[in-house]
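Open the structure in a viewer and set it to a plain cartoon. The stops below can be taken in order.

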Amino acid sequence: MKQFWSFIRKEFLHVFRDRKTLIILFGMPVVQILIFGFALTNEIKNSRIMVLDAAHDIQSSRLISKIQASRYFQVTQIVHNEAEIQEGFRGGNVNIAIVFPLNFGHDLESGERPQLQVLADASDPNLATALTNYVSNITADYQREIQKINTPIPTIVPEIKMMYNPQLKGAPNFVPGVMALVLLLVCVMMTAVSIVREKETGTMEILLVSPFKPILVILSKTIPYLFVSLINVGSILLLSVLVLDLPIHGSLLLLLLESTLFIITCLILGIFISVKTQTMQAAMLISLMGMLLPTMLFSGFMFPIENMPKPLQIISNIIPSKWFYIIVKSIMIKGLGWEAIWKETLYLLGIAVFFFALGMKNFKIRLA
Amino acid sequence: MASEIILDDIVKTYGKGKQLAVDHVSLQVQPGELFGLIGPDGAGKTSIFRILTTLLLADSGNASVAGLDVVKDYKAIRKIVGYMPGKFSLYPDLTVKENLQFFATVFNSDIQENYHLIRDIYVQLEPFKERRAGKLSGGMKQKLALCCALIHKPRVLFLDEPTTGVDPVSRKEFWQMLARLKEQGITILVSTPYMDEAGLCERIAFIQNGKILKTETPDQILKEFPDALYKIQSDNMYHLMELLKQIPEIKSSYAFGDSVHATIKEQGSQTVRQRLIDAGLPSLVFETTKPQIEDCFIQYLHE
């Protein structure tokens, strides 16, 4: 036991003496949360809209001011002919244009099926779709308003409620994602590299020729990173509550326990990589290619898994981050409890046990 | 008395048998002996060390350390040997003291318990004990590595090229330390590519291309040198060496420091001498000399 403690002490010394890496380890989650929170966002705000109003009547100007009033749009230009619209798109300073035909107001009032042309810059298809949807919603909304006044025909009004995230904020989506990403990076890559480093510097050679059990060499390596990762979980949660106004709806204890399970899973993956590789470069590459990339692609954090072809959906099941991402979202944002996430937890546990067994089986008690 | 280290017909190949590293090596080292494995780089020294320290498995043959089989009893061997690999293998980001402390606890020991073993070496490291091991000079690093290998009072000590890359003064000190350790009854197997260090061992084995050429005490090896050895010097070394190759009476000739060492067939020395004088080589020196270990090694290489 004394040996084990001295080993862990040594590992902490390694981690804390490497100042540069330490700054990166603790700084990374903070920077990522801040970047995702404030710089990178897929919310649409203040899109530049161009208006060609040939009608110039009460109806058209009321609709224009309604569009202007919404936080999605900012009317940047009132133009007078088609050519100016083309120019505006080519200049790249507008995202969308609306054309009111000559007798827009008249048609609307007399029930003649008034038309409205909406042009969008579809070089960014997602943005274009979102913007045209917004315009359609605003016009539909407007139509209902005037119908209420004119004719009492019953219309179906969908009452939309955005569950768990009523303001459609981006933060609820990326905080779990960043958590999965950061923990994965720290645990898998750092552990893998730190064990392989002992092989590269030759210290593994001395450690093998000692009464100390090799398996404990490896276990002790993971302790500092468990510690560092728990601190990171803390800092991410603090930031998201204090800076991003994203409260933790579910049980904090459950969230921390699940995070610990995920951290341990990642540490085990790190051990597995380090057992199979001989150089730090290889360990780093495999961690990045084999862990980070799939996490970005298959955790559901950046791309919805439901839209992927079946084979990719199946592959996504072996990515631990996917399960962790679901778990964090369920606890933190939906405020759900154990009964909602036990299945995901079991998956994570299964992956951990599987790779632990595989790593132990492959561990070499000799060189080469 | 049973031998402390036994290698019996050991063969080791790499790359699925393509590269032969150790070729049917048999060796015995007696308890308390300071035994040197002498040979150039790539001769197979490190492979032999790794087989004995249970780090590698031999393809065939048996080996034992302190009566324990290197395959079956590897755990027991790992408890009683000290190993210092050829490459500096301590933690560069830990201080001298931390390294020593760490290796002491790994072996369930502490610095105080066996301080007497390392005292002579450690007093030299003492002024630097708070310095990171990575920032030590080459000689200091090796001294620290030796301390770390000794701190648990091993029964058998394996030192793989401990003096490679170390300055001559430190090398000398290092060997003095080994002599003192031997007095403590520790069996020491040391390898070195430096022939001048061979004379400091009790017994040596020449090794080349994975084969043991000769195992003997250094004195005996020198005594057994069969021919008269001549030291020849000239200001025009290139010409001299070319010329020596053409003289049929020369058995062998090779550069040795700033001169040429040559063995000459019986009764041939006068002829050779005359040829050299006739050739008009500038400032010629031609004299007999005592063979050294390196001469003997080269001799065995040619056989």
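The tour goes from one whole chain to the cores, then to the contact between chains, two sheets and a single loop residue.

**Chain A as a whole**

The model is predicted. Select chain A and colour it by secondary structure: there are 14 helices and 4 strands. Its C-alpha trace spans about 95 × 45 × 40 Å along the principal axes. The radius of gyration of chain A is 28 Å, whereas a compact globule of 368 residues would have one near 21 Å. Of those 368 residues, 34% count as buried. Among contacts in chain A with a separation of 6 or more, 77% are between residues 24 or more positions apart.

**The nonpolar cores**

Next, select A:Leu183, A:Cys187, A:Val188, B:Cys147, B:Phe158 and B:Ile188, the residues with the most contacts inside the largest nonpolar core, which has 139 residues. Helix H7 of chain A (residues 171-201) gives this core its largest share, 19 residues. Centre on A:Val188 and leave aside residues up to four places away in sequence: A:Val188 then touches A:Cys266, A:Leu269, A:Gly270, A:Ile273, A:Ser287 and A:Met291. A second core, separate from this one, has 20 residues, including A:Met50, A:Val51, A:Ala55 and A:Ile96.

**Where the chains touch**

Now show both chains and select the residues in contact between them: 21 from chain A and 23 from chain B. On the chain A side, helix H1 (2-17) and helix H8 (203-208) each supply at least two residues. Which helix gives the largest share of the side of chain A that touches chain B? It is H1(A), with 7 residues. By type, the residues on this side of chain A are 8 nonpolar, 7 polar and 6 charged.

**A sheet in chain B: S2-S1-S4-S5**

Hide chain A and select the four strands S2, S1, S4 and S5 of chain B, which form an open sheet in that order with antiparallel pairing. Strand S2 (19-29) and strand S5 (68-69) of chain B each have a single partner strand, so one side of each has no neighbour in the sheet. Strand S1 of chain B (residues 5-14) runs antiparallel to S2(B), joined to it by 7 bridges. To see one of these pairs, pick B:Ile5, whose bridge partner in S2(B) is B:Val29. Then add helix H1 of chain B (residues 45-52), which lies across S1, S2 and strand S4 (60-65) of chain B and runs at about 120° to S1(B).

**Another sheet in chain B: S12-S13-S11-S14**

Move to the open sheet of 4 strands ordered S12-S13-S11-S14 in chain B, again with antiparallel pairing. Its edge strands are S12 (250-256) and S14 (285-289) of chain B. From one strand to the next, the twist averages 25°. Strand S11 of chain B (residues 229-233) pairs with S14(B) over 5 bridges, in the antiparallel sense. Select B:Ile232 to find B:Phe286 of S14(B) opposite. Helix H8 of chain B (residues 237-246) lies across S11, S12 and strand S13 (259-264) of chain B, at about 10° to S13(B).

**A loop residue: B:Lys153**

Finish in the loop between helix H5 (138-150) and strand S7 (156-160) of chain B, where B:Lys153 is found. Why does B:Lys153 count as partly exposed? It has 17 C-beta neighbours inside 10 Å, and a residue needs 20 or more to be buried and 12 or fewer to be exposed. Not counting residues up to four places away in sequence, B:Lys153 touches B:Asn114 and B:Leu117. As a last check, draw the C-alpha distance from B:Lys153 to B:Tyr91: the two are 62 residues apart along the chain and separated by 21 Å.

Notes. Residues numbered from 1 in each chain as written. Chains lettered and ligands numbered in written order. Predicted model: local features only at pLDDT ≥ 70, side-chain atom pairs only at ≥ 80, totals over all residues. Contact = placed C-beta atoms within 7 Å. Nonpolar A, V, L, I, M, F, W, Y, C, P; charged D, E, K, R; others polar. Pairing = 2+ DSSP bridges. Axes fitted to C-alpha atoms, helices over the stretch in contact; angles between N-to-C directions. Core = buried A, V, L, I, M, F, W, Y, C linked by C-beta atoms within 7 Å. Rg over C-alpha atoms; globule rule 2.2 N^0.38 Å.
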